[in-house]
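Here is a quick tour of one structure, written for someone who likes to check contacts and areas for themselves. Have the viewer open while you read.

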Amino acid sequence: MRQTVTCTVNGKTLTLDVDVRASLLEMLRAEGLTGTKQGCGVGECGACTVLVDDMPVDSCLYLSVWADGRAVRTVEGELRPDGGLSPVQQAYVDAGAVQCGFCTPGLIMSSTAFVERHAGKRVSREDIRRGHAGNLCRCTGYGAIVDAVERCLKTKPE
Amino acid sequence: MAIGVTQQRLDAVAKVTGRARYTDDLGMPGMRHAAYVRSPRAHALVRSIDTAEALALPGVEAVFTAADVPRRRFATAGHPYSLDPAGADVADRRLLTDHARYHGDEVAIVVARDLLTARKAARLVRVEYEELPVLADAEAALAEGAPLIHAWRGPSNLIGEHAFEAGGSMAEALERADVTVEAFLTTSVQQHCHMEPFTAYAYMEDDAHIVIVSSTQIPHICRRIAAQALGLDWACIRVIKPYVGGGFGAKQDVVLEPMVAFLTWKLGGAPVSLELSREECMACTRTRHGFRMHGKAAARKDGTLTGVSLDVLSNTGGYASHGHSIAAAGGGKLAALYPRAVFSYHARTAYTNYPVAGALRGYGAPQVAHAVECLVEDAARALGMDSVEFRLRNVARPGEVNPYTKKVLDTAGIVECLEKGRDMFRWSERRAACLRTGDLRRGVGVACFSYGSSTYPASVEHAGARMILNQDGSVTMMAGATEIGQGADTAFAQMAAETLGLDFSCFRVVSTQDTDVTPFDTGAYASRQCYVASNAIRRCAEQLRGRILAAAGRMLGQPAESLALRGREVVRAAEREAASPRALLSLRDLALESYYNKEEGGQITAEVAHKTRANAPCFGCTFTEIEVDVPLCRMRVVDLLNVHDSGRIISPGMAVGQVQGGVAMGIGWALYEELLVDDRSGRILNNNLLDYKVPTPPDVPDIGAAFVETHEPSGGYGNKALGEPPIVSPAPALRNALLDATGVAVDELPLSPKTLYRHFAAAGLL
């Protein structure tokens, strides 16, 4: 069975005919947005994290039809209008928070939501760790990722 | 200076924007998808297979069973080819089997137009099994009369056995000693849990050549093994490695590539993809060998360690994979640590019906170091000597001879590592402050290790590098060595920049390896790449510099020896180090002239194949403080510091990243990671990331990383290995801290509540 879904993806309105069984992850990747990765397909690793109405979700567990009428953000849409990196993307680069990079798109989206929610608030490294508990990374040991988020929160928004 | 400074990773922007393309991001029109039919029994013979129902499902294109695949057996371990047949890996696999040897073994495969249909059809393949006795325990597998898992190999489940006694006689070491300690130790089965699952696809471009795109650490080895499995000439296979989402040793095995090559071959060259689910990755690819060890350490009252002996039994599961190499390498890598003591090592590796074990970060060394450093700790305590002091008296010093390899240790910074760690960690102060009574106790622990920087002389060490001066004056570099996330490409560019004298920004490294194009290198394993490739890159950069300066000399009418490179310019050699030397010629103008002058010049390139005939030991140690909740049988890492002698550090930022990641993996292995197997049925109980516990952000404390920089003469830039070493010493340091806090020596991993409960109860703590 197929159904029509209308949603915005990275600010652009899309109307798509999707298999009702398809996950949001499958829909996005079929649209060429392959930045979002599948690490487990069952909501355990967080590699497929995207933002739906600014809330992080595991897109592998989120049906594409549920996105109807909603705003989806993926790692590809985070670049600034001038093509530069977003503050979170730049902080990941600067802090050395990227190794194999497979968990990175999902983590960038979790961090983006975290930074938007905590802008102007005091947060501890422990808060940052708990706020990223749904994202696994096997390369970094998380230290540099926490550093990156800390840097974002310490930097005043432009 | 390009070495010793942190450069931005060459692939960082590609990875934070989602533009980095991994195997599954490439795809092809008309891609078919394959799914395995896996045995639900750990040991069974296939009596019959009925594929009719699966084939009848719309969208299914083919089903293959053991009857359809080549009869030949092949070895999957990602080792270089061995000219000596005695050094060849154990060839015990066929593409599909009619004798299931572990829970999940591959008995058939379905190809369909989409993955959902393939997996559905796989469930429709009816297989009748005849159950065989399940051997879970390595000791039982080696017992007289045990059923044979690979009967064709001979009358035993033993894959390999070896022994050595280095630095004297253990019997004499025991005789000379004032104290002797003894322990029985076990380590658990760890899974790599690289975030990118195993995936590969293949297609044909003509009637003879198969192209495989794969998430692999070892493209050139993969080419050979896929060809061997199918009985083809090696050049008939072309392997392409795009970005890889982590491997940690799992992808140093040829797991999917021969099968996708077989499938495209059978399907007239159509593209066929095989991507494993996370559950398949966890249980049906490779794991870290569980070791069972019995050891002794002997020491004199004056603090001299006289000897350590270790008897190892390694469980490799249903297939050999890296076979006995893991247990052999584990012992060999540790032999440099205490060179004045006897090191007596005996190891056996056995087949069982466990999941298949292979290479995993550390390659046997974490298990062996765990035993050695638990024994050394127990000896220090038996002598009543401080744990750091005892190690300081016995660890390697530069100029000593490694008793096992008989090679002189040109660099050995372990004394400085221990001293630096002791100061940075405030060891004595913290040790004195620990509360060791009551419900909530604290303890401190330390452990050391030695490791190798290559696999020589067990295997050949070959690295290839190619550099091309582009038309715009930038330099493109190709290395045979593979980027799998560790930062190899960036380190290589730093090395080239250092030798050429050019800006780091001049370099582009081709991250994709393609065996039809890229120079030969055996790949990412054994923490070898920076060490082995450094000499190839250095020589290649020297060649390119010589050719660029020769061209510059010709253009400027000056002797090449009087010229040098700096930034993006040709300058006078005498002014090379000056604050602002005068630019004589830009590299861009030089390149244009060289490419397009109608009478002379040409594209300036260099290429080097280098064999390294050295293997410098690297060293390091872990200091940790833990808190133990005795009634809850739970321990928490309060603080942890790793100090490494990895020679000269190429990129301090990336080096810290390697240490923090390796330590986090080590904490997981020490405290809770454990692939659980039911010993009666051989069934794997936790093949997913919820029931198998991988450290999450709140589980890992801020990890300290520090370095003692020695200058290793055999490394191209004074460098030694760093990739795997960080995982080697955290586990014994944590066990030793637990011993410090509670007085209980828990000699089994993981140190999880279920383990601690038994030990605390037995010790009367509960």
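## A charged network in chain B

Let's start with a cluster of charges: B:Glu373, B:Glu377, B:Arg381, B:Arg391, B:Arg436 and B:Asp740 are joined in a network of salt bridges. Keep in mind that this is a predicted model. Over all chains, a search of the whole structure turns up 61 salt bridges.

## A buried pair

One salt bridge to look at is B:Asp253 with B:Arg286, where the closest N and O atoms are 3.0 Å apart. B:Asp253 sits in the loop between strand 11 (237-241) and helix 7 (257-266) of chain B, and B:Arg286 in the loop between helix 8 (278-284) and strand 13 (290-299) of chain B, so the pair ties together parts that are 33 residues apart in sequence.

Are these two residues buried or exposed? The cut-off for buried is under 20% relative accessible area. B:Asp253 comes in at 1% relative accessibility, so it counts as buried. B:Arg286 has 2%, so B:Arg286 counts as buried too.

## Two salt bridges involving helix 15

Next stop is helix 15 of chain B, which covers residues 529-556. The side chains of B:Arg538 and B:Glu542 meet there in a salt bridge, at 3.4 Å from N to O. How far apart are B:Arg538 and B:Glu542 along the helix? They are four residues apart in helix 15, so about one helical turn separates them. B:Arg538 is partly exposed at 34% relative accessibility, and B:Glu542 is partly exposed as well, with a relative accessible area of 33%.

The helix has another charged residue to check, B:Arg554, which forms a salt bridge with B:Glu600; the closest N and O atoms are 2.9 Å apart. B:Arg554 lies in helix 15 of chain B, while B:Glu600 is in the loop between helix 16 (587-596) and strand 24 (605-611) of chain B, so this pair ties together parts that are 46 residues apart in sequence. B:Arg554 is partly exposed, with a relative accessible area of 36%, and B:Glu600 is partly exposed with 39%.

## A nonpolar patch on the surface

Now for something without charges. B:Tyr81, B:Leu83 and B:Trp234 make a nonpolar surface patch of about 390 Å². Where does B:Leu83 lie? B:Leu83 is found in the loop between strand 3 (60-65) and strand 4 (99-100) of chain B. With a relative accessible area of 78%, B:Leu83 is exposed; the cut-off for that label is over 50%.

## A buried threonine

B:Thr23 is in the loop between helix 1 (12-16) and strand 1 (32-38) of chain B. B:Thr23 is buried, with a relative accessible area of 0%. Which residues is B:Thr23 in contact with, leaving aside its neighbours within four places in sequence? The list includes B:Glu196, B:Thr199, B:Ala200 and B:Tyr201, along with B:Val213, B:Ser214 and B:Ser215, and it also has B:Pro242 and B:Tyr243.

If you want a distance to check, try B:Thr23 and B:Gly445: they are 422 residues apart in sequence and 42 Å apart in space, going from C-alpha to C-alpha.

## Inside chain A

Over to the other chain. The domain assignment splits chain A into domain 1 (2-77) and domain 2 (87-154), and the C-alpha centres of the two lie 21 Å apart. In the contact between them, 16 residues of domain 1 of chain A touch 14 residues of domain 2 of chain A. The area buried between these domains is about 1,200 Å², with carbon and sulfur atoms giving 60% of it.

How many salt bridges cross the interface of domain 1 of chain A and domain 2 of chain A? The rule finds one. Look, too, at A:Glu116 and A:Arg73, whose side chains meet in a salt bridge at 2.8 Å, N to O.

## Where the chains meet

Finally, the contact between the chains. Chain A brings 42 residues to the contact and chain B brings 49. About 3,500 Å² is buried between chain A and chain B, and carbon and sulfur atoms give 59% of that area. On the chain A side, A:Glu44, A:Gln99 and A:Arg138 lose the most area to chain B, together 23% of what that side buries.

Charge plays a part here as well: the count between chain A and chain B is five salt bridges. A:Arg138 turns up again in a salt bridge with B:Glu673, where the closest N and O atoms are 2.7 Å apart.

Key:
Residues are numbered from 1 along each chain as its sequence is written. Chains are lettered from A and ligands numbered from 1 in the order in which they are written. This is a predicted model: local features need pLDDT of at least 70, side-chain atom pairs count only at pLDDT 80 or more; totals for chains, interfaces and linings use all residues. Side-chain values use heavy atoms; hydrogens and water are left out. Patches are made of residues with over 30% relative accessible area and no salt bridge: like charges are joined within 9 Å, nonpolar side chains (Val, Leu, Ile, Met, Phe, Trp, Tyr) within 5 Å. Accessible areas come from the Shrake-Rupley method with a 1.4 Å probe; for residues, only the protein chains shown count as cover. A salt bridge is a side-chain nitrogen of Lys or Arg within 4 Å of a carboxyl oxygen of Asp or Glu. Buried means under 20% relative accessible area, exposed over 50%, partly exposed in between (1.4 Å probe, protein chains only). Domain bounds come from an automatic or database domain assignment. Contact means heavy atoms within 4.5 Å. Buried area is the accessible area (1.4 Å probe) that two parts lose on being put together, summed over both.
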